[in-house]
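I am opening a fresh notebook page for this protein. I will write down what I looked up, step by step.

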Amino acid sequence: MAADQGHGGTRLSQPQDVPLYRCLTALPLRRRVVTIGSFDGVHLGHQKLLREANARGQALGLESMVLTFEPIPSFVLRPDRFPGRICSFEEKAHRISKCGVDAITVLEFSRDFSEQTAEEFMTEMARRVHPVQMLVGEAFALGRNREGTVSRLTDIAEDLDFDVVPVPRLQDGDTVISSSRIRSAVMTGDVALAHRYLGRPFRVTGPVIHGAHLGRTIGFPTANVEPSADLVVPADGIYVSLAAIGEERQTRPAMTYVGTRPTVNTGARLVETHLLDFDADIYGRELKVDLLRRLREDRRFESLEMMIDQLRDDEHATRDALRSISMI
């Protein structure tokens, strides 16, 4: 999960799910139903919008297309405050395609791009995309200083001979499901809430690297993944998790530690996953780790023996938790 430019700058490789275009000028000439947004995480609210666009396209006999931004606009405009993206671009494109849309176009987001007026963007988009309808979330805005509110976009679209269709945001009780709310949940360790809003567990992915090899000597061998600087980092602690190796579709029960290992003072933050009842050399292979629930915060122990005793308790708690959801 390497990145070209830090937070939000994930290298764009070609997803295999649906056609992906790198710019508006590459689009074939045809009329479309379009939706637009960053879609970081492709959470349940995004899925609702994407499926609505697909359904309207099918009803009208038109292609449904997603216009999405890379890097994530918040990274470009507020890099000092952007905690990281929820998923890689590759996963985002895959998740978007699973909602049934016919094509994805990636719009390169930059400070210069952000200085366009809403009318400038909409005019160029209409000339290249030929939308019949453009679906947006009801709180969506684009253009310089976010001047292009839904009301303003509706007026512009009327002059350009297509319709803007606002779609109500999805709520969980009084809380609007949003990417920022999911990032906050991950950063505070509430991965169960992130799971609820994403419709799937929050995932950490990367190649298995060599660590200090302490885990094996104390009876808890781990597969270590260095968290990508591109993604939001979960709160330190012990998590109930599921892991898949390489292209495996089957997930394996696991216990995952996120942190800097203060008891042994190694310093670097790693995601260390102990796969239960598993012992094989998987160095260099990709590991996908789904975090289901945080068992406890990280802490420093007075001795290695005390840490081992706690890890045994953590493993029992992990097995109990996974058993309760029929994972082992």
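My entries on this chain follow.

**Ground rules**

I am working from a predicted model, where local features need pLDDT of at least 70, side-chain atom pairs count only at pLDDT 80 or more, and totals for chains, interfaces and linings use all residues. Residues are numbered from 1 along each chain as its sequence is written, and side-chain values use heavy atoms, with hydrogens and water left out.

**Overall dimensions**

I began with the whole chain. I took helices (H or I, at least four residues) and strands (E, at least two) as DSSP runs, numbered from the N terminus. The protein has 10 helices and 16 strands. The C-alpha trace spans about 70 × 40 × 40 Å along its principal axes.

Next I checked the radius of gyration, taken over C-alpha atoms; the globule rule is 2.2 Å times the number of residues to the power 0.38. For 328 residues, a compact globule would come out near 20 Å, and the protein has 22 Å, which agrees.

For burial I used relative accessible area: buried is under 20%, exposed is over 50%, and partly exposed is in between (1.4 Å probe, protein chains only). Of the 328 residues, 51% count as buried.

I then looked at contacts, meaning heavy atoms within 4.5 Å. Among contacts between residues at least 6 apart in sequence, 75% join residues at least 24 apart.

**The parallel sheet**

I count two strands as paired if DSSP finds at least two bridges between them. One open sheet has 6 strands in the order β1-β4-β3-β2-β5-β8, with parallel pairing. β1 (20-21) and β8 (163-167) are at the edges, each with a single partner strand, so one side of each has no neighbour in the sheet.

I followed β2 (residues 32-37) into β3 (residues 63-70): 6 bridges join them, and they run parallel. I36 has L67 in β3 as its bridge partner. Helix α1 (residues 44-60) packs on this sheet and touches β2, β3, β5 (131-137) and β8.

For angles I used axes that are lines fitted to C-alpha atoms, for helices over the stretch in contact; angles run from 0 to 180 degrees between N-to-C directions. The direction of α1 makes about 160° with that of β5. Helix α6 (residues 150-160) lies across β5 and β8, at about 155° to β8.

**Helix α5**

The expected span of a helix is 1.5 Å times one less than its number of residues. The 12 residues of α5 (residues 118-129) should span 16 Å, and the end C-alpha atoms are 16 Å apart, which agrees. Which residues of α5 are buried? I found A118, F121, M122, M125, A126 and V129. Seen down the helix axis, they fall within an arc of 125° (from the directions to the C-beta atoms), so they line one face of α5. Just after α5, H130 takes a positive phi of about 60°.

**The antiparallel sheet**

A second open sheet entry: 6 strands in the order β11-β16-β13-β14-β15-β12, with antiparallel pairing. The edge strands β11 (202-207) and β12 (223-225) each pair on one side only. The twist averages 35° from one strand to the next. Helix α10 packs on this sheet, touching β13, β14, β15 and β16, and its direction makes about 105° with that of β16.

I took a longer look at β14 (residues 252-259), where 7 of 8 residues are buried. On one side, 7 bridges join β14 to β13 (residues 237-245), antiparallel. V240 stands opposite M255 in β14. β13 and β14 form a hairpin with 6 residues between them, and G246 in the turn has a positive phi of about 60°. Another 6 bridges join β14 to β15 (residues 270-275), also antiparallel. Y257 has E272 in β15 as its bridge partner.

**Backbone oddities**

I noted a cis peptide bond between E70 and P71, with omega about -5°. P71 sits in the loop between β3 and α2 (73-77).

R146 is not a glycine, yet has a positive phi of about 55°. R146 is in the loop between β6 (141-142) and β7 (148-149). R146 is exposed, at 51% relative accessible area.

D277 also has a positive phi, near 55°, and is a residue other than glycine. D277 is in the loop between β15 and β16 (286-297). D277 is exposed, at 69%.
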